[in-house]
Amino acid sequence: MAVVGYWETLAEAEKLVQSPLYAGVVQELWKEGDLNQFLPLVGINSPSVLYNRQDTYPTGTFLTYHEKITPTNNQTYGTQQEAVIKQLVMPKLEDKFMRDTFRNPNDMTAQMLKEMAQGMKWTMEDAHIYGNTTTNSKEYNGLHALIDSSMVINQGSGSTGDALSFMNVRKLFDSVKPKPDLFICTHEVARRLDAAGHLGITTGGTNTVYPGGISLGSLNPTNMGGRISSLLGVPLLRSDFLTQTETISGGDYSAKTGGATSSIFAIKFGHFMEGGLCMVAIADTIGPDFNKMEIIDPHPDYNAVEYRLLSYLCLALGSTKALGCIDGITDAEVVA
């Protein structure tokens, strides 16, 4: 056995040293593209909100001289809409014995609460897109469930997706009224848009390109090769909460995972009574990161403190025209 200087083995020498443990935990999990930074917040104190959408509008009548004027009574409204508040909860126990003895070098309570807040935020952001009361009645509806079928453009067909068509992006832009505030897509599709802005758009199903791709977004000749930050003058948000694994069936989005496609959403934000998309939440639960904290101390069953983060919230879509989508998009070169 080799001698390590004075000591017989390296293991013997290691008995006399200790590497320092730095406080905290290095963040390894990252997600960007959260919608909370854009969603207007409407506070209420009821289990839901009800609102009506315009269905028809009254029309005038042309008359000739001295013709009788007859009032009409044919005004109707669409199906009354309801946005129902749902409860999102994260309860965690902190053992008091561990809290009081495991104190160097970390503040265990602070680390736990930090991670809980991040977990609540990510759960909420996932629900903003993929929540569906049909598959889970305890959730609220996210973008895929809220959108009206008339506002969906199918890029693929059957169960097969296709490359994004920029003509469809223009159609999506025009469909949201009066104008979208935000486009949101996956990083994969955003990179394809970056390349199109740099190189141009493929035409005729070939690899040929034509000049003018810069007009896609905010790129200009001084930052060629950079990232597109807007489409048609509307900010583009790259989201880790949208997946490039969406499944389509009959051309329409059908599931978050299992496939190789994704969606682009165009959103008009605003109070639901102004026709926009917003978050509705119970007023006294609106705290930091939209969470309310409850502390149960002492805990009835354990020598522990229970921390609960709670959110009572849902999304409300005023007008169907405030939310549009292209689904069935593959990770492939953008076409005209």
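# A guided tour: salt bridges, a surface patch and hidden spaces

Start by selecting Glu-12 and Lys-15, whose side chains meet in a salt bridge, with 2.9 Å from N to O. This is a predicted model, so please read every stop on the tour as part of a prediction. Side chains of opposite charge can pair when their charged atoms come close. Now colour the two partners by accessibility. Glu-12 is partly exposed, because its relative accessible area is 34%. Lys-15 has a relative accessible area of 59%, so it counts as exposed.

**Next stop: two bridges across the chain**

How many salt bridges are there to find? The count comes to eight, and two more of them are worth a visit.

Select Asp-297 and Lys-96. Their side chains meet in a salt bridge with an N to O distance of 2.8 Å. This pair links distant parts of the chain, 201 residues apart: Asp-297 lies in the loop between strand 15 (292–296) and strand 16, while Lys-96 belongs to helix 2 (residues 96–101). Is Lys-96 buried or exposed? Lys-96 is buried, because its relative accessible area is 18%, under the 20% limit for that label. Its partner Asp-297 is partly exposed, at 45% relative accessibility.

Now move to Lys-256 and Asp-126. The closest N and O atoms of this salt bridge are 2.5 Å apart. Here, too, distant parts of the chain are linked: Lys-256 sits in the loop between strand 12 (252–255) and strand 13 (262–267), and Asp-126 is in helix 3 (residues 108–130), 130 residues apart. Both ends have been classed by accessibility: Lys-256 is partly exposed at 29%, and Asp-126 is partly exposed at 27%.

**Then: a patch on the surface**

Switch on the surface and select Tyr-6, Trp-7, Leu-16 and Val-17. These residues form a nonpolar patch, with about 520 Å² of accessible area together. To find your way, look for Tyr-6 in the segment before helix 1 (10–14). Tyr-6 counts as exposed because its relative accessibility is 72%.

**On to the pockets**

Which residues are closest to the centre of the largest pocket? This pocket holds about 290 Å³ of space. Of the 16 residues that line it, the closest to its centre are Gln-81, Glu-82, Ala-83, Asn-141 and Leu-146, so select these to centre your view. Strand 3 (81–84), helix 4 (143–146) and strand 16 are the elements that give two or more residues to the lining. By type, the lining of the largest pocket has ten nonpolar, three polar and three charged residues.

The second largest pocket contains about 250 Å³ of space. Select Val-25, Val-26, Gln-27, Glu-28, Leu-29, Gln-111, Lys-114, Glu-115, Gln-118 and Gly-119 to show its lining. Those residues divide into three nonpolar, four polar and three charged.

**Last stop: inside**

Rolling a probe the size of a water molecule over the atoms shows where empty space is left. The count comes to one cavity of 30 Å³ or more, and about 30 Å³ of space lies in the largest cavity. Select Met-279, Ala-281, Thr-285, Ile-286, Phe-290, Ser-311, Tyr-312 and Leu-313 to see its lining. Strand 14 (277–282) and strand 16 (304–317) are the elements giving two or more residues to it. Which element gives the most? Strand 16 does, with three residues. The cavity lining divides into six nonpolar, two polar and no charged residues.

Terms used: Residues are numbered from 1 along each chain as its sequence is written. This is a predicted model: local features need pLDDT of at least 70, side-chain atom pairs count only at pLDDT 80 or more; totals for chains, interfaces and linings use all residues. Side-chain values use heavy atoms; hydrogens and water are left out. On a 1 Å grid over the protein atoms alone, a cavity is a set of points where a 1.4 Å probe fits but cannot get out, and a pocket is an open set with protein on both sides within 12 Å along at least five of seven lines; lining residues have an atom within 4 Å of a point. Grid points are joined across faces, edges and corners, and a volume is the space filled by probe spheres set on the points. Helices (H or I, at least four residues) and strands (E, at least two) are DSSP runs, numbered from the N terminus. Ala, Val, Leu, Ile, Met, Phe, Trp, Tyr, Cys and Pro count as nonpolar, Asp, Glu, Lys and Arg as charged, and the others, Gly among them, as polar. Patches are made of residues with over 30% relative accessible area and no salt bridge: like charges are joined within 9 Å, nonpolar side chains (Val, Leu, Ile, Met, Phe, Trp, Tyr) within 5 Å. Accessible areas come from the Shrake-Rupley method with a 1.4 Å probe; for residues, only the protein chains shown count as cover. A salt bridge is a side-chain nitrogen of Lys or Arg within 4 Å of a carboxyl oxygen of Asp or Glu. Buried means under 20% relative accessible area, exposed over 50%, partly exposed in between (1.4 Å probe, protein chains only).
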